[in-house]
Amino acid sequence: MHLHEHAYGVIITWPAPGLVRTTVTAHLGDGDLADRAQISGIRSAMDTALTAVLQEARLKAVSHTDGFILVARPT
């Protein structure tokens, strides 16, 4: 995961292969990790899950269609 300072808070980005590595490790013999990370919907699913975790922690997190999450500064 990568954190980037933003005027409104922090932007969180991640490379899909790195984030899903632990999920697919058991299946590495079945194919290339890069191929598995391109599974349709995997980025969206991880984005939804991470946003939900941040919101559950009472942070103002909003996912963006360009593949990042903005976590707003507390007001």
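**Note on the predicted model**

1. Core. The largest nonpolar core has 7 residues: I12, W14, L50, L54, A61, I69 and V71. At least two of these residues come from α3 (42-56), and at least two from β4 (68-72). This is a predicted model, and the points below should be read as such.

2. Sheet. The 4 strands form an open sheet in the order β1-β2-β4-β3, and their pairing is antiparallel. β1 (2-6) and β3 are the edge strands, each with pairing on one side only. From one strand to the next the twist averages 25°. In general, the strands of a sheet are held in pairs by backbone hydrogen bonds, in either a parallel or an antiparallel manner.

3. The β3 and β4 pair. These two strands run antiparallel and are joined by 4 bridges. Within the pair, H64 is found opposite F68 of β4.

4. Helix on the sheet. α3 packs on the sheet, where it touches β2 (9-13), β3 and β4. The direction of α3 makes about 10° with that of β4.

5. D47. Which helix holds D47? D47 lies in α3, the helix that packs on the sheet. Is D47 buried or exposed? Its relative accessible area is 11%, and buried means under 20%, so D47 counts as buried. Leaving aside residues up to four places away in sequence, D47 touches W14, S63, F68 and I69. Of these contacts, W14 and I69 are also members of the largest nonpolar core, while F68 is the residue opposite H64.

6. Salt bridge. The count of salt bridges comes to 1. The partners are E5 and R73, with 3.5 Å between the closest N and O atoms. Because E5 lies in strand β1 and R73 in the segment after β4, the pair ties together parts that are 68 residues apart in sequence. E5 is exposed, at a relative accessible area of 73%, whereas R73 is partly exposed, at 39%.

7. R58. This residue is not a glycine, yet it has a positive phi of about 65°. R58 sits in the loop between α3 and β3 (61-64). The relative accessible area of R58 is 77%; exposed means over 50%, so R58 counts as exposed.

8. Recap by element. α3 supplies at least two residues of the core, holds the buried D47 and packs on the sheet. β4 likewise supplies at least two core residues, and 4 bridges join it to β3. β1 is an edge strand and carries E5, the partner of R73.

Key
Residues are numbered from 1 along each chain as its sequence is written. This is a predicted model: local features need pLDDT of at least 70, side-chain atom pairs count only at pLDDT 80 or more; totals for chains, interfaces and linings use all residues. Side-chain values use heavy atoms; hydrogens and water are left out. A nonpolar core is a set of buried Ala, Val, Leu, Ile, Met, Phe, Trp, Tyr and Cys residues joined through side-chain atoms within 4.5 Å. Buried means under 20% relative accessible area, exposed over 50%, partly exposed in between (1.4 Å probe, protein chains only). Two strands pair if DSSP finds at least two bridges between them. Axes are lines fitted to C-alpha atoms, for helices over the stretch in contact, and angles run from 0 to 180 degrees between N-to-C directions. Contact means heavy atoms within 4.5 Å. A salt bridge is a side-chain nitrogen of Lys or Arg within 4 Å of a carboxyl oxygen of Asp or Glu.
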